[in-house]
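Student: Could you walk me through how to read this model, one feature at a time?

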There are 2 protein chains.
Amino acid sequence: MTSATADSLDEETSTIADRVFGQVRQAIVEGEIPAGSKISEPALAARYGISRGPLREAMRRLESTNLVERRPNLGARVITLSNDELLEIYVIREALEGMAARIAAERMSDAAIADLKALLEQHRREVARADWQTYFQEEGDLDFHFRIVQGSGNRRLIDILCNDLYHLARMYRCQFGMKSDRAADALKEHELVADAIAERDGELAEWLMRRHIRASRRAIERRLAVER
Amino acid sequence: MTSATADSLDEETSTIADRVFGQVRQAIVEGEIPAGSKISEPALAARYGISRGPLREAMRRLESTNLVERRPNLGARVITLSNDELLEIYVIREALEGMAARIAAERMSDAAIADLKALLEQHRREVARADWQTYFQEEGDLDFHFRIVQGSGNRRLIDILCNDLYHLARMYRCQFGMKSDRAADALKEHELVADAIAERDGELAEWLMRRHIRASRRAIERRLAVER
DNA sequence: ACCGGATCAAGTGTCGACAATTATGACATC
DNA sequence: GATGTCATAATTGTCGACACTTGATCCGGT
């Protein structure tokens, strides 16, 4: 389990359009196709050995997930996630994941909560080791949030976060180093959220989750201010 | 200004796919194409006098807005908004619009706030008249929410609410009569939210907006329980 | 030398047709 | 009479080709 995606891009989807959609999404998220670059339909179609038909459908889906921008008769470009737009995403995540934490505290199964705590225990061990910088920030953080959102059981909520926003966050992390020194703090905050969920305190879980995401957003704001 | 949509489906978009997308979306929302019905690509293409290519792209966009479901090699169906899914939408609206109200209280211009109050004044007059049942529930309520979301200035937030969730809510209203007796209460709650925004109290505005949407959701829950 | 217009190329939008998969119906068998 | 199987038909997925728009380049005029 390398990534935290909702749909399976497991290379063996029935239709070509869906498969190439997953492939080019991964290519964009991981920076293989650079941000802001114009996408030529014939070029990409040739690259993946398919026709322009399925590729156009894949592009439509990419557009719906806000990874590419299209303007009529002008073509598609990979989005350039501006600083403001990145912060906007964190605002939405604060609202949505806060609600997800509240509902998860009410509806998550005891087994799922136990799994969640086990995940955090694993993260704690990894933070103690030397290579925690890379792993934790890369995937571990999203894995935690992913489970909370799944715990809400709200399908549309899961869809919005896992199919749109998380890919954008991952894209940002792959593009800039995201060498935040907040890993230890973030883990601590994760544990507080998990505790609130375990105690079935939805109000507190939402408050803590929103506070956590707000802190992440402020860390990014500080980093952006320094870089400038 | 009949509806509260973000994008202009003004019949004169450059590409056919975009135009037919707006047309079939309206047809679905207003019930012209019944919910749960299977969509035949050749039939719809012939109906709008276009080929299957643009229609397929329109279907992809409809799928991304969660108005139709597609399964590979099996075709597309108009979604049947189950009661649970309708309630899920209100949960998301509570989180998102609450945040929108908070930000709007901080960033909305004084002119926009004045317009908002004028809109509520107009609604108040219409409630006093005889035909308030039809208009207010049909469009007036969404108009208010639409302005608050616009006031947040968060483009992605605006996109999620106006291009996805509001159409689903409208679809539900067109399908079932939505003859709620909450119009007067809702107007009162709208005014409280507007007051909080005018006083630049984001915390209160969010709390009131969430309370308002929660009340709407509970009204629907009660109505569903009775119908059953 | 600079600006405006026309020509040309590249790329997107659209169309019709073919291939593959799935649903449907009849027929034979148990 | 019910069930399993096969053949047919309909629909979706995919492809290649054509029309139109956009942008650039080149030429001529001032």
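Student: Which helix does E41(B) lie in?

Tutor: Helices here are DSSP runs of H or I with at least four residues, strands are E runs of at least two, and both are numbered from the N terminus. By that rule E41(B) sits in helix α2 of chain B. Before we go further: this is a predicted model, where local features need pLDDT of at least 70, side-chain atom pairs count only at pLDDT 80 or more, and totals for chains, interfaces and linings use all residues. Residues are numbered from 1 along each chain as its sequence is written, chains are lettered from A and ligands numbered from 1 in the order in which they are written, and side-chain values use heavy atoms, with hydrogens and water left out.

Student: Is E41(B) buried or exposed?

Tutor: Buried means under 20% relative accessible area, exposed means over 50%, and partly exposed is in between, using a 1.4 Å probe and protein chains only. E41(B) has a relative accessible area of 15%, so it counts as buried.

Student: Which residues does E41(B) touch?

Tutor: A contact means heavy atoms within 4.5 Å. Leaving out residues up to four places away in sequence, E41(B) touches R52(B), L55(B), R56(B) and R70(B). For polar contacts, look for a pair of N or O atoms within 3.5 Å; within protein, one must be able to donate a hydrogen and the other to accept it, and residues adjacent in sequence count only if both atoms are side-chain atoms. The side chains of E41(B) and R56(B) make one such contact, at 3.1 Å.

Student: Let's move to the DNA. Which residues come nearest to DNA strand D?

Tutor: A residue is near a strand if one of its heavy atoms lies within 4 Å of it. There are 19 residues around DNA strand D, and I16(A), S51(A), R52(B), R56(B) and R70(B) come nearest. As for what the protein meets, sugar and phosphate make up 71% of the atoms of DNA strand D that come within 4 Å of it.

Student: Where are the phosphate oxygens of DNA strand D approached by T15(A), I16(A) and R70(B)?

Tutor: Check which part of each residue is involved. T15(A) puts a polar side-chain atom 3.1 Å from a phosphate oxygen of DNA strand D. R70(B) also uses a polar side-chain atom, at 2.9 Å from a phosphate oxygen of that strand. With I16(A), a backbone N or O atom lies 2.4 Å from a phosphate oxygen of DNA strand D.

Student: Which elements supply the surface near DNA strand D?

Tutor: Both chains pitch in: α1 (16-29) and α3 (52-64) of chain A, plus β1 (38-39), α2 (41-47) and α3 (52-64) of chain B, each supply at least two residues. To sort residues by type, count Ala, Val, Leu, Ile, Met, Phe, Trp, Tyr, Cys and Pro as nonpolar, Asp, Glu, Lys and Arg as charged, and the others, Gly among them, as polar. The surface near DNA strand D then splits into 7 nonpolar, 6 polar and 6 charged residues.

Student: And which residues are closest to DNA strand C?

Tutor: Those are R52(A), R56(A), R70(A), I16(B) and S51(B), out of 19 that surround DNA strand C. Its surface residues divide into 7 nonpolar, 6 polar and 6 charged. A polar side-chain atom of R56(A) lies 2.7 Å from a phosphate oxygen of DNA strand C, while I39(A) has a backbone N or O atom 3.2 Å from one. For E41(A), a polar backbone atom is 3.4 Å from a phosphate oxygen of DNA strand C.

Student: How do I read the sheet in chain B?

Tutor: Strands of a sheet pair through backbone hydrogen bonds, either parallel or antiparallel. Two strands pair if DSSP finds at least two bridges between them. Chain B has an open sheet of 3 strands in the order β1-β3-β2, paired antiparallel. There β1 and β2 (68-71) are at the edges with a single partner strand each, so one side of each has no neighbour in the sheet. In chain B, 4 bridges join β2(B) to β3 (residues 75-78), and V68(B) stands opposite V78(B).

Student: How many helices and strands does chain A have?

Tutor: Chain A has 9 helices and 3 strands. Of its 228 residues, 51% count as buried. For the UniProt side, an unreviewed entry places "domain: HTH gntR-type" at residues 14-81 of chain A; UniProt positions are in the numbering used here, feature names are shortened, and annotations may be inferred rather than shown by experiment. That span is 50% helix and 15% strand, with its end C-alpha atoms 32 Å apart.
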